[in-house]
Amino acid sequence: MAHQTSPHPVSDDLIDELPTVGDGSGLSPDDRYYAEEVQFALRNHGMPLEALRYPITPVGMHYLIVHFDIPIVNESDWQLTVNGLVQKPLQLSLSDLRNRPAVTLPVTLECAGNGRALMKPRSVSQPWHFEAVGTSEWTGVPLSEILEMAGLSDNAAELVITGLDWGIQGNEVQPYQRSLTIDEACRENVLIAYEMNGQPLTPQHGYPLRLVVPDWYGMASVKWLAAIEAVAEPFEGYQMTGSYRYAKSQDDPGDPVTLMRPRALMVPPGIPEFASRLRVIDAGPETLSGRAWTARAEITRVEVSTDNARSWSDAELEPPLSQVAWRGWTFDWDAPPGRHTLCVRASDSEGNTQPLEQEWNFQGMGNNMIQRVDVLVR
């Protein structure tokens with residue numbers, strides 16, 4: 001499949017035939033879900049929050065989002081193209097990459113839309129609550145080494161990264177494409193990955209090759225990698241300019257979504273009531289636990305509230321798995337009978353703390369407000 005850095009606009013006749021999502025506003029006005037949101041949720045899945053008990057998320061529990069379709073890839077016909085403003089264009093097979101010295105790194109990835117379903121009104125898109133996160137051990141080759149092989153030209157400013165998945169979004173026929181500045185792409189922990197938790201990538205997670213960009217929200221970690229092109233000007237494809245923006249309205253260009261914000265999550269304690277997921281535990285000693293992460297900083301504090309954020313106490317922190325992965329926390333609670341709302345929040349070494357409520361944005365991006373867990377103590 002050919003590399004494409006320019007979208008193909010959809011013809012006016014075809015635009016007239018495309019369905020309107022929801023009421024056309026792009027927002028859901030109440031707690032009911034549109035059929036399109038249910039369809040998104042059936043195709044994609046979050047990490048069950050009880051999986052926070054695992055330092056490394058099992059592959060089948062790691063969150064998943066697929067923008068278009070999962071492509072069928074025949075490894076014998078597939079090559080990674082590295083071209084554009086380089087001195088030596090490359091065509092690399094999977095064997096070429098596997099024969100290079102490998103790097104394995106635990107990395108926490110989170111979808112930029114995590115928490116979208118908690119915004120009111122919310123964007124009609126994948127209706128995440130808190131589950132769009134996971135931490136895997138990714139194995140591959142540093143992107144910087146491949147760029148060194150190709151020899152970047154002095155006037156290269158960005159890399160356009162193209163996946164094999166195609167679709168229509170923003171009235172454009174397009175492959176999924178994102179860009180990174182040369183400085184970001186050359187960070188030593190940015191990987192071209194071919195294994196996840198010691199096994200070849202599964203089809204849904206990007207087989208045969210994907211990018212893993214630590215610290216950034218997951219949209220930067222392009223799956224089903226097909227091509228990397230060095231360009232002289234900022235790339236203005238749809239996934240850079242029309243999506244993943246902190247916008248105030250449908251017409252507001254907004255600021256780009258980039259690095260993950262600090263977040264802590266709690267393993268829901270006790271057992272759930274089937275339909276509501278209300279947690280039920282016995283009175284007495286209870287150890288609460290979970291994970292916390294941030295970008296380009298260190299999680300320095302996790303606080304727990306057992307009274308719906310009226311007061312806070314410090315949790316105990318475990319060492320992080322790596323500089324780009326979450327760290328565990330625990331908190332001992334003597335649970336009294338009754339109904340309680342538990343909360344957790346994280347702070348990092350840059351002075352960032354999770355908010356009690358999230359500032360609203362049109363696309364529902366970067367929502368890192370505190371988690372609340374309702375518990376009935378019997």
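Strands β19 (284-293) and β23 (residues 327-335) run antiparallel and are joined by nine bridges. Strands here are DSSP runs of E of at least two residues, numbered from the N terminus, and two strands pair if DSSP finds at least two bridges between them. Within this pairing, Gly284 stands opposite Ala335 in β23. On β19 there is also a pairing with strand β16 (residues 263-266), antiparallel over four bridges; here Arg263 has Trp293 of β19 as its bridge partner.

The model is predicted, so local features need pLDDT of at least 70 and side-chain atom pairs count only at pLDDT 80 or more, whereas totals for chains, interfaces and linings use all residues. Residues are numbered from 1 along each chain as its sequence is written, and side-chain values use heavy atoms, with hydrogens and water left out.

A further set of pairings centres on β25 (371-377). Strands β24 and β25 run antiparallel and are joined by seven bridges, with Leu342 opposite Val373 in β25. Strand β18 pairs with β25 in the parallel sense, over three bridges, and Ile281 has Val377 of β25 as its bridge partner. The side chains of β25 alternate along the strand: Gln371, Val373, Val375 and Val377 point to one face and are buried, while Arg372, Asp374 and Leu376 point to the other face and are not buried. Buried means under 20% relative accessible area, exposed means over 50%, and partly exposed lies in between (1.4 Å probe, protein chains only).

Side chains of opposite charge can pair when their charged atoms come close. A salt bridge is counted when a side-chain nitrogen of Lys or Arg lies within 4 Å of a carboxyl oxygen of Asp or Glu, and by this rule the count comes to 16 salt bridges. One of them joins the side chains of Arg378 and Asp282 at 2.7 Å, N to O. This pair links distant parts of the chain, 96 residues apart: Arg378 is in the segment after β25, and Asp282 is in the loop between β18 (279-281) and β19. Arg378 is exposed, with a relative accessible area of 59%, and Asp282 is partly exposed at 45%.

Which residues are linked in a network of salt bridges? They are Arg301, Glu303, Asp314 and Arg345. In one contact of the network, the closest N and O atoms of Asp314 and Arg301 are 2.7 Å apart. Asp314 is in strand β21 (residues 313-314) and Arg301 in strand β20 (residues 299-305), 13 residues apart. Both are partly exposed, Asp314 at 44% relative accessibility and Arg301 at 39%. In another contact, the side chains of Glu303 and Arg345 meet at 2.9 Å, N to O. Glu303 lies in β20 and Arg345 in β24 (residues 338-348), so this salt bridge ties together parts that are 42 residues apart in sequence. Both Glu303 and Arg345 are buried.

The model also encloses empty space. A cavity is a set of points, on a 1 Å grid over the protein atoms alone, where a 1.4 Å probe fits but cannot get out. Grid points are joined across faces, edges and corners, and a volume is the space filled by probe spheres set on the points. There are two cavities of 30 Å³ or more, and the largest has a volume of about 210 Å³. It is lined by 20 residues (those with an atom within 4 Å of a point), and the closest to its centre are Ile65, Arg210, Gly218, Ser221 and Lys223.

Key. On a 1 Å grid over the protein atoms alone, a cavity is a set of points where a 1.4 Å probe fits but cannot get out, and a pocket is an open set with protein on both sides within 12 Å along at least five of seven lines; lining residues have an atom within 4 Å of a point.
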